[in-house]
Amino acid sequence: MNRYDKDMMHNRELIYDTKQQLHRADDRYKKGDKGAKKTMIHDRELIHDAKREIERIDNEKHCILKHMGGNKH
């Protein structure tokens, strides 16, 4: 597995874990924990950043493959 695939896999795991945290924070917020709102905002920002990083890595990987003359994944 190359560096790009490892980075993308790490970001996907981060998104998965953060979505679970977001769900738990949402449940706490619905039960009246007003401090959970900051956690929810932070978790959404983490998800957004990880998705952008995946897109960047994917574009970088495709540019390298295109430069090498192949279209392999």
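Arg24 counts as partly exposed, at 46% relative accessibility. This residue belongs to helix α1 of a predicted model. The chain holds 2 helices and 0 strands. Asn59 lies 35 residues from Arg24 in sequence, and the two C-alpha atoms are 33 Å apart in space.

**Overall form**

- The C-alpha atoms of the chain occupy a box of roughly 55 × 15 × 15 Å along the principal axes.
- The radius of gyration is 17 Å, whereas a compact globule of 73 residues would have one near 11 Å.
- Of the 73 residues in the chain, 22% count as buried.
- Counting contacts between residues at least 6 apart in sequence, 60% link residues at least 24 apart.

**Surface and charge**

- The chain has an accessible surface of about 5900 Å², and carbon and sulfur atoms account for 53% of that surface.
- There are 18 positive and 14 negative side chains in the chain.
- The centres of the positive and the negative set are 2 Å apart.

**Helix α1**

- Helix α1 runs over residues 3–30, which makes 28 residues.
- Its end C-alpha atoms are 40 Å apart, and this agrees with the 40 Å that the helix should span because each residue adds 1.5 Å.
- The buried residues in α1 are Tyr4, Met8, Asn11, Ile15, Thr18, Leu22 and Ala25.
- An α-helix has 3.6 residues a turn, so residues three or four places apart point the same way.
- The cover over the buried residues of α1 includes α2, residues 36–68.

**Helix α2**

- Helix α2 has 33 residues.
- From first to last C-alpha, α2 reaches 48 Å, close to the 48 Å expected at 1.5 Å a residue.
- Buried in α2 are Ala36, Met40, Asp43, Ile47, Ala50, Ile54, Ile57, Lys61 and Leu65.
- The list of buried residues in α2 includes Asp43 and Lys61 alongside residues such as Ile47 and Leu65.
- In turn, α1 is part of what covers the buried residues of α2.

**Asn11, a buried position in α1**

- Asn11 sits in helix α1.
- Its relative accessibility is 8%, so Asn11 counts as buried, the cut-off being under 20%.
- Setting aside neighbours within four places in sequence, Asn11 is in contact with Ala50, Glu53, Ile54 and Ile57.
- Of these partners, Ala50, Ile54 and Ile57 are among the buried residues of α2.

**Ile47, a buried position in α2**

- Ile47 lies in helix α2.
- With a relative accessible area of 9%, Ile47 is buried.
- Apart from residues up to four places away in sequence, Ile47 touches Ile15, Thr18, Lys19 and Leu22.
- Ile15, Thr18 and Leu22 are among the buried residues of α1.
- Between Ile47 and Ile15 there are 5.3 Å in space, C-alpha to C-alpha, for a separation of 32 residues in sequence.

Terms used: Residues are numbered from 1 along each chain as its sequence is written. This is a predicted model: local features need pLDDT of at least 70, side-chain atom pairs count only at pLDDT 80 or more; totals for chains, interfaces and linings use all residues. Side-chain values use heavy atoms; hydrogens and water are left out. Helices (H or I, at least four residues) and strands (E, at least two) are DSSP runs, numbered from the N terminus. The radius of gyration is taken over C-alpha atoms; the globule rule is 2.2 Å times the number of residues to the power 0.38. Buried means under 20% relative accessible area, exposed over 50%, partly exposed in between (1.4 Å probe, protein chains only). Contact means heavy atoms within 4.5 Å. Accessible areas come from the Shrake-Rupley method with a 1.4 Å probe; for residues, only the protein chains shown count as cover. Lys and Arg count as positive and Asp and Glu as negative; His and the chain ends are not counted. The place of a charge is taken as NZ of Lys, CZ of Arg, CG of Asp or CD of Glu. The expected span of a helix is 1.5 Å times one less than its number of residues.
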